[in-house]
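Trainee: I would be grateful for a close look at one part of this model. Please take me through it step by step.

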Amino acid sequence: MARAEKWFSEKEEVVAVELSDPETGETLTFRFEPRDFPYVGLWLNFHGWNGAGETPYFNVAIEPTTAPSDNLSDAVRAGKARFLEPGASAFWSLQLSSSQ
């Protein structure tokens, strides 16, 4: 069954997401600063969507985010939207680590 959906963390201040393979014990950890990205989104696409108008594919994405929504209007209404003034810059970091 083809489908695509995105889930968001309900709790602010997520600091890490860890993926692990129970068979091998391998892990991949994504770490980020909650002051930069207080939420995380998990995009699951099981052949349900392709924005390029081609055959939908399979992919998974871990997406640190500033608001628990992909919709700017929803983020503004919830007081979670962040804006940059013209010419302003924003910086953040993301750390990836793996172990076995």
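Trainee: Which residues line the largest pocket?

Mentor: The model is a predicted one, and the description below should be read with that in mind. The lining of the largest pocket consists of Asp-36, Phe-37, Thr-66, Arg-82, Phe-83, Leu-84, Ala-90, Phe-91 and Trp-92. The space inside this pocket comes to about 170 Å³. By character, six of the lining residues are nonpolar, one is polar and two are charged. Asp-36 and Arg-82 belong to the lining, and they are its charged members because Asp and Arg both count as charged. Thr-66 also lines the pocket.

One lining residue, Phe-37, leads us on to the interior. Phe-37 is also a member of the largest nonpolar core, which has seven residues in all. The other members of this core are Val-14, Val-17, Phe-30, Phe-32, Val-40 and Ile-62. Phe-37 is therefore buried, with under 20% relative accessible area, since a nonpolar core is made of buried residues.

Within the core, Val-40 deserves attention. Setting aside neighbours within four places in sequence, Val-40 is in contact with Val-14, Val-17, Phe-32 and Ile-62, among others. Those four residues are likewise members of the largest nonpolar core. The contacts of Val-40 also include Trp-7, Phe-8 and Ser-9, as well as Glu-63, Pro-64 and Thr-65.

Glu-63, a contact of Val-40, brings us to the charged pairs. The model has five salt bridges. In one of them, Lys-6 pairs with Asp-70, and their closest N and O atoms are 3.0 Å apart. This pair links distant parts of the chain, 64 residues apart: Lys-6 is in strand E1 (residues 3–8), and Asp-70 is in the loop between strand E5 (58–65) and helix H1 (72–77). Asp-70 has 59% relative accessibility and so counts as exposed, the cut-off being over 50%.

A further salt bridge joins Arg-35 to Glu-33, with 3.1 Å between the closest N and O atoms. Arg-35 is exposed because its relative accessibility is 64%, whereas Glu-33, at 34%, is partly exposed. Through shared partners, salt bridges also join Lys-6, Glu-63 and Asp-70 into one network.

Arg-3 and Glu-5 form another salt bridge, in which the closest N and O atoms are 3.2 Å apart. Arg-3 is partly exposed, with a relative accessible area of 36%, and Glu-5 is partly exposed at 25%.

Key
Residues are numbered from 1 along each chain as its sequence is written. This is a predicted model: local features need pLDDT of at least 70, side-chain atom pairs count only at pLDDT 80 or more; totals for chains, interfaces and linings use all residues. Side-chain values use heavy atoms; hydrogens and water are left out. A salt bridge is a side-chain nitrogen of Lys or Arg within 4 Å of a carboxyl oxygen of Asp or Glu. Buried means under 20% relative accessible area, exposed over 50%, partly exposed in between (1.4 Å probe, protein chains only). Helices (H or I, at least four residues) and strands (E, at least two) are DSSP runs, numbered from the N terminus. On a 1 Å grid over the protein atoms alone, a cavity is a set of points where a 1.4 Å probe fits but cannot get out, and a pocket is an open set with protein on both sides within 12 Å along at least five of seven lines; lining residues have an atom within 4 Å of a point. Grid points are joined across faces, edges and corners, and a volume is the space filled by probe spheres set on the points. A nonpolar core is a set of buried Ala, Val, Leu, Ile, Met, Phe, Trp, Tyr and Cys residues joined through side-chain atoms within 4.5 Å. Contact means heavy atoms within 4.5 Å.
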